[in-house]
Structure formats: C-alpha cells, structure tokens
Amino acid sequence: MLSAVIDAVDTLVDDYDLIDFLQTLCHRCTELLDVAAVGVMLVDQGGKLHVIAASDEHTRLLELFSIQHDEGPCVETYRDGTARLDIDLDEPDRTAGFPGFAERARHAGFAITHALPMRLRERTVGVMNLFGTRRQPFTETDSRVAHALADVATIAILQHRTLVHGNLEQAQLQAALSSRIVIEQAKGILAEHWQTGVDEAFEGLRRHARAHKLGLTRLSRQVVAGEIDSTDIQHP
Amino acid sequence: MASRGDLAAVLGDLRSSASAAGLIGADAAACARALAVDGVAVSVVVGDGLCELVWSTPGASRHLEDLQFTLGEGPGPEAAATCGVVLEPDLTRVRDGRWPALLPEAVALGVGAVFCFPLLLGGACIGTLTLQRAAPGPPADAAVADAWMVAGALTAVLVENAGRWPASVEEKESVLYRAVVHQAAGMISVQARVTLAQALVRLRAYAFRHGRSVAEVAEDVVTRRVHFRIDQDERGASDRWRD
C-alpha cells in the first residue's frame, strides 16, 4: 500500500533514499517521544496530503493517514500552518472537525494524536502526524523535540528539491553572515587609518551611521568599497 | 554510548535556540555527546569557497575548522564543494595526496576520525556539520542517521534565524567566531594597500608559513604585534611586508 502512495507522489519525490531516511526518522520519533506511531505526510501540487513514510506499515495505521485526504487534524494543520497537539481522541470538542478520523483512530487503539506542520519560513511542505496509546499530553520539552523532528523532515524534503526558494534562503543566510563580516572589515580599516583599537573604530562607525541615518551594514560596505574616505567619518 | 534522551535534548535545544546572540544558540558539547563524538563544528558557506565558523565545541573541533580555513582543504571544504558526506574513520590511513597540508596538522591535534555532513537545502550546500573524535573507527549506522537528523535540524535553525539575524547587527559584540580575522583583514588591506580578498590570502599565507592558526595571527595584527605594512625602505616593492 505504501508503495502505491509513493507512486502517487513521485512527482514530488523521486529519491528513495529520502523515503529510507524519513522512515528512519519516523521510527526514531517513536523512540524519542512517548508515541506509538508516526507518519510523514507530504502535500502534492493539488494541496492533498499523502503519507510518504511511517514508523510501521500496518494497514490500520496507513488508513489513518490516507483518510486525511478529506478530514483530520493534518488537513487542518496544513491549511493554517499551526500545530495541533494533545488531541484527545475521546474528546468530542477536540475532534469535532474530524469525527470519522477520530473514530477510526480509536479503533486502531490510539488515545491521542498530534499534528505538526512541516514548515520552513512561510512554506509548509507537509504535516507530521503522531499517535499515542496513552492519554498523556506532551510536556514543553516533548513539544520542542516534536517540532525539531518535523523541521528535520522538512529539510530532508527540501534538500532534495531544487527550488528557487532554496537558493533564496541560502542567499539570505549568506547575506546575514556577510553583513556581519563587512562590519568587522570596516572596523579593521578604520582602526588602521585612525591607529586606534577596533572597539573605538566600531563606535565611530556606529555614530556616523546614526548621524547620517545609514544602516551600519551599508556604511560598512561603503567603507570597504572605498566609497567613503575614513577622514569623512569622525574619529570618536 | 549516548542515550536516546541526549538526542532529544539536543533537538529540543536547537529548536528553541532562536537566539539573538548568534545563529545557533544550542550547547555544542551536548550535541557532541549525543552523537558519541569528541567535538562538533558548524561552518556556513559564505561564497568564494570560504566557510565561516558559526558554532563549535572548544578545542580540537574549533582548531580543525581553523586549519581548514587556513589551508583551504579538508573534509569540510570537500563536503561543501561536492554536497556529499565525507567519512574518514582513520586519519592515519587516508590515501596519499589527499589533504597533504592538513592531515599532519589534524593528526597532531589528536583528531583520529572525521565525519563531515553537508547542510543541504534546495540542491545547494549551505554549510557543513563536522564531527571529530580522537579514537579512530567508523561511525555506527545509527550515529550516521542521528547526525543527518542533527544536520537537518541545524539547517532549519540557520535558515530560520538568518531572517531575523540582521537585527543583531547593531550589537558591539560580534556573533562571528572569526570576527578578529575579518578585522585583521581590514587592517592589512590598509597596511599593504591590497583588496580585502588579497589581505585575507596574505593573512592565511603568513599563518601557514609560521605554523600558526589564522585566528592567532589575526589577534596579533589587531593588537599590533604583527603588521603587513610595505617596508618604508622598499616602497613600491608591493609584495614585500615585514614579518
């Protein structure tokens, strides 16, 4: 059954190492958190969720994922990108949006379920779904670990997709580091011109940036590019 | 052997490390313990084949990153260039000709095994996670899977934090491990009248020739114990500088 689902989403994923990795991840999830079953649901281009990896492949579990085409906590989590934790499957208030799903999950022996968005920045690529057999809510730590594991699944999927967005995110990371690097370089340049320490150079840089309503990074770039002479900046 | 709780703690810690003080706020030593190695380091590719160290345990891991930065070769640059994992379970048995300058130095540091994982996103390598330990030997299969998980969590944290990070630019204390290297490059560019890229090359070459780390030499430049000024008597001989 899982292979049929994989076929359905192989426009999204054509790397079986990825499936292996996600299966290992799901399994590890059951060890790291007190949960009995875990599945990774991936969204297709039409916005439908498909399970691509699970901690085990019992039909009853896979059905729980597959019925979430239409209803279930994963559908809701995917829709608004927010996690739904500690859903007591016996609690009609918590399961009002997905009574059919809740009933099947109870039949499969589960008491609680959690749905976490697999999201990087504003992009949600899928949902991680966890099931427990005991009615025990997550601790604060459990919640962080679950989110981190959902992050790992997200990255695993995104690292295999060549996306314009991926390059954009890399560019932002590089820009964040470069902006810091250029400030250090500008400190060095001014310190040498003024024959002062780098802390004093930074003070001068910051004062000039504030006085001229320039960003520190922008001013530093100008210093490094030689567009601003060090004599134009007042030595503090 | 690391317990399962260790990995959970590291992942949870990474997830909550939206720190204004740096790109990664989690405890590197705890991460090393969870992955059953002696040290970990994360470097981010900033372009021109240069990697910037952003997170590390102190000691050998940090020195190993410095060495690779100085020499421009090693498992980190290789993983970054190929987007592939580099596993070297025994540094004394690496084939001839591979990392000729780095290997003796790494072995002298007491590094026996190195495992380097690329941080991959959208088909590109944004950085590396390098694990090292003194005892040679291959990593356990489970440890490799766990390392990939940590690599994924690190990638997510880096990308998430990078968006918020420019806000911390106003702080005086730099979040860069090698802030002093870039300060020194700025000073050298003025002293030797070269570009910043050339200044960095000179700094690295000086460190290599004197068997010292780039960070140490940079510290000496910033505290004015070493300078790269063109010698007064030989003005115009632009490639000469005093040691």
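# Notebook: rings, a helix and cysteines

I started with chain A and counted nine helices and five strands. The model is a predicted one. I wrote down the order of the elements of chain A from the N terminus: α-α-β-β-α-α-β-α-β-β-α-α-α-α.

Next I looked up burial and surface. Chain A has 236 residues, and 56% of them count as buried. I found an accessible surface of about 10,300 Å² for chain A, with 46% of that belonging to carbon and sulfur atoms. I also looked at contacts in chain A with a separation of 6 or more: residues 24 or more positions apart account for 62% of them.

**Aromatic rings**

I noted first that a pair of aromatic rings is described by the distance of the centres and the angle of the planes. How many aromatic pairs are there over all chains? I counted six. One of them joins Phe98(A) and Phe101(A), with 5.8 Å centre to centre and 80° between the planes, and I entered this pair as edge-to-face. Phe98(A) and Phe101(A) are both buried.

I then followed Phe101(A) to Phe131(A). Their ring centres are 6.0 Å apart and their planes stand at 40°, so I entered this pair as tilted. Phe101(A) belongs to helix 5 (residues 99-107) of chain A and Phe131(A) to strand 5 (residues 123-132) of chain A, so the pair ties together parts that are 30 residues apart in sequence. Phe101(A) and Phe131(A) are both buried.

Which residues do ring pairs link into a cluster? I listed Phe65(A), Phe98(A), Phe101(A), Phe110(A) and Phe131(A).

**Charges over rings**

I looked up charged ends that sit over rings. In chain A, the charged end of Lys187(A) sits over the ring of Phe202(A), 5.0 Å from the ring centre. In chain B, the charged end of Arg178(B) sits over the ring of Phe69(B), 4.2 Å from the ring centre.

**Helix 4 of chain B**

I moved to helix 4 (residues 75-82) of chain B and listed its buried residues: Pro75(B), Gly76(B), Ala79(B) and Ala80(B). Why do I say that they line one face of the helix? Seen down the axis of helix 4 of chain B, the buried residues fall within an arc of 130°, so they line one face. On the face turned away from the buried side I found the exposed residues Ala81(B) and Thr82(B).

I also checked what the buried residues of this helix pack against in chain B. The partners are strand 1 (39-47), strand 3 (86-88), strand 4 (113-121) and strand 5 (124-133), together with helix 3 (60-71) and helix 5 (102-108). Cys83(B) follows helix 4 of chain B, and I noted that its phi is positive, near 60°.

**Cysteines**

Cys83(B) led me to the disulfides. A disulfide is a covalent bond between the sulfur atoms of two cysteines. I counted zero disulfides over all chains. The cut-off for the two sulfur atoms is within 2.5 Å.

For Cys83(B), the closest cysteine sulfur is in Cys125(B), 4.9 Å away, which is too far for a bond. For Cys51(B), the closest cysteine sulfur is also in Cys125(B), at 7.4 Å, again too far for a bond.

Are these two cysteines buried or exposed? Cys51(B) is buried, at a relative accessible area of 17%. Cys83(B) counts as partly exposed, at 29% relative accessibility.

Notes. Residues numbered from 1 in each chain as written. Chains lettered and ligands numbered in written order. Predicted model: local features only at pLDDT ≥ 70, side-chain atom pairs only at ≥ 80, totals over all residues. Heavy atoms only, no water. Phe/Tyr/Trp six-rings, centres within 6.5 Å; stacked < 30°, edge-to-face > 60°. Buried < 20%, exposed > 50% of the residue type's maximum accessible area, 1.4 Å probe, protein only. Helix = DSSP H or I, 4+ residues; strand = E, 2+ residues; numbered from the N terminus. Lys NZ or Arg CZ within 6 Å of the ring centre and 35° of its normal. Arc of directions from axis to C-beta. Contact = heavy atoms within 4.5 Å. Areas by Shrake-Rupley, 256 points an atom, 1.4 Å probe, with all protein chains shown as cover.
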